[in-house]
Every structure is written in structure tokens, then in C-alpha cells.
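Visitor: Please take me close in on one part of this model. Start from a single position, then follow the helices and loops around it.

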Amino acid sequence: MPLTSTGAPLGRARRTLLALLAIVSALSVAMVARPAQAGAQQQPAQEPVRIMPLGDSITGSPGCWRALLWQDLVAAGHTAIDFVGTLPAQNCGIDHDGDNEGHAGIQAVDMANQNQLPPWLAATNPDIVMMHLGTNDVWGARSTQEILGAFTTLVGQMRDSNPEMEIIVAQIIPMAPFNCGDCGQRVQELNAALPAWAEEVSTDTSPVILVDQWTGFDTATDTYDGVHPNDSGNRKIADAWFPALDAALSS
């Protein structure tokens, strides 16, 4: 049998060498793979974006446009979202995250003057607020300047809660209640003043984005009482909110 220079059989030396090479190769692979596996295990789960629907009965009683909007956002791939608020869902017959801050009868002026918003923000810690507010102020004959002043106070309170709050504000749906002949015109006056107001209070770190809920909404066909949306109105409200929410979540 052929011998190596040390006297060992050549076949045995070759087998030993091959075994050593295999061990070294396996150790190298393990050293490379383990850090990658550890890194993968340490990746934190994506925190959901917390979105507060804020407003009056149009938002909260029952506010079924929120259910439609939730479904639309999830269908578009925005699964890491959390609608937040201190109020629970009301029955809309649609599976959705129904938490909200839609207080029936509330006025923006009262909400601001009575500091009602800060505790709601503290309890829910939203990243985005979507606000449809002012209907009851208009109904109560509050002036446009009073309402805009209240909006400015509310925006300041939102930023006190989160300096990077993204704030999406609606130019509100039209209204034609039987006991307020001037309400339709007052809504138009408020909506017309909102673009300049939004530009004034918006910042790079906390933008104020306007959503036009008025155009294309018909109180005769999209409400059941001249004020509150019916099924077709809910669909229109959800559709109007969606592009702004989609853009905010995509960024």
C-alpha cells in the first residue's frame, strides 16, 4: 500500500483531509447564517398607524362611512392601521375597527373652549386626525371666524399631543335642515374660508390637508334628513376621505 511521507497510508490521509475541509466549510456557513437569522428574529413588528376620526354625529352616530373607509384602506393593503377614539363602534353591519371620537351635537367652538380634545388625545395617542367638524356650529349660527378660531385651537392641541401630527380636515358636507334656511349658505362660507386657513396653519412637520366633502354631495339624495348621510352619502364620504388617507399611509 502506498505510504505518505509520515508513513500513514495515502487513502487514510486523503479521507482525513476531506473530513477536515467539510468541518471548516460547515463552520463558515454557520457563522454567516446565524447573524442573519438573529437579525431576522429581532425585526420588530410594524406598529399600526393610529387614526382618530373626529367630529360630531356625522362621524359617530353611527358614522357608517368609517366602516366603508376601513374596508377600502385594508383592501388597498393598509393593514397596519388602528382607528382610535374613546367611543366604540355603533352597529353598521360591517366588520371594521369602529373606535372613534364622533360626539353627537358637539360644536367645534365648545370643544376648543372647554378643552375637551386633550384628554381624548392623551387616551388614544393618534398619529393622524381626520376631522369633519363645524356642522353644529353652523346650525347654531356661529360665525365662520369663530369656527376657524376653534379649529386653530384644536390644531394646536393636536400638536401638543404629537408635534408631527398629520391633520386631515374636511370641507364639510352640505346641509339643509328644515329649521335652518341659512345653513346651506353658511356651510359654503365656511368651506370657502378653509383653504386659506389650512395654508396658514399647516407646517412641514405637521401638515394640514383639506378634503372636499362638499362637492358632489346632494342633501336630497345623500341624507335622510337634510343633514346626516344615508347609504349613498356614506359611500361618498368614504370615497372622498380615501385618497388623503391612502397618500398619508403610503408615505
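Guide: A residue counts as buried when its relative accessible area is under 20%. Keep that cut-off in mind. Note too that this is a predicted model.

Start at Gly233. This glycine sits in helix α10, which covers residues 231-250. Its relative accessible area is 0%, so Gly233 is buried. Leaving aside residues up to four places away in sequence, Gly233 touches Phe217 and Asp222. Now look at Cys64. Gly233 and Cys64 are 169 residues apart in sequence, yet their C-alpha atoms are 9.7 Å apart in space.

That pairing invites a look at the whole chain. The protein has 10 helices and 6 strands. Of its 251 residues, 44% count as buried. Take the contacts with a separation of 6 or more: residues 24 or more positions apart account for 73% of them.

Next, helix α8. How far apart should its ends be? The helix runs over residues 183-201, which is 19 residues. The expected span is 1.5 Å times one less than that number of residues. This gives 27 Å, and the end C-alpha atoms are 26 Å apart, so the two values agree. The helix still has a bend, of about 35° at Leu194. A proline, Pro195, follows within four residues.

Which residues of α8 are buried? They are Cys183, Val187, Leu190, Asn191, Leu194, Trp197, Ala198 and Val201. The spacing has a simple background. An α-helix has 3.6 residues a turn, so residues three or four places apart point the same way. Leu194, where the helix bends, is itself among the buried residues. The partners of this buried set are two helices and two strands: α6 (135-139), α7 (144-161), β5 (166-171) and β6 (208-212).

Stay with α7, since it also packs against α5, residues 117-124. Two packed helices are described by the angle between their axes and the distance between the axes. For α5 and α7 the angle is about 30° and the axes are 10 Å apart. Angles under 35 degrees count as roughly parallel, so α5 is roughly parallel to α7. Their crossing is right-handed. On the α5 side, Leu117, Pro118 and Leu121 make the contact. On the α7 side, Leu154, Gln157, Met158 and Ser161 do.

Now the loops. Gln107 lies between β3 (101-102) and α4 (108-113). Is Gln107 buried or exposed? At a relative accessible area of 15%, Gln107 is buried. Residues up to four places away aside, Gln107 touches Asn136, Asp137, Gly140 and Arg142.

Finally, the backbone. Most residues other than glycine have a negative phi, and most peptide bonds are trans. Three places here depart from that pattern. The peptide bond from Ser61 to Pro62 is cis, with omega near 0°. Pro62 is in the loop between α2 (57-60) and α3 (65-75). Asn115 has a positive phi, near 55°. Asn115 belongs to the loop between α4 and α5, and at 45% relative accessibility it counts as partly exposed. Asn125 also has a positive phi, of about 50°. Asn125 is in the loop between α5 and β4 (128-132). With a relative accessible area of 44%, Asn125 is partly exposed.

Technical notes: Residues are numbered from 1 along each chain as its sequence is written. This is a predicted model: local features need pLDDT of at least 70, side-chain atom pairs count only at pLDDT 80 or more; totals for chains, interfaces and linings use all residues. Side-chain values use heavy atoms; hydrogens and water are left out. The bend at a residue is the angle between axes fitted to the seven residues ending there and the seven starting there. Buried means under 20% relative accessible area, exposed over 50%, partly exposed in between (1.4 Å probe, protein chains only). Contact means heavy atoms within 4.5 Å. Axes are lines fitted to C-alpha atoms, for helices over the stretch in contact, and angles run from 0 to 180 degrees between N-to-C directions. Angles under 35 degrees count as roughly parallel, over 145 as roughly antiparallel, 65 to 115 as roughly perpendicular and the rest as oblique. A crossing is left-handed if the near helix is turned anticlockwise from the far one by less than a right angle, and right-handed if clockwise.
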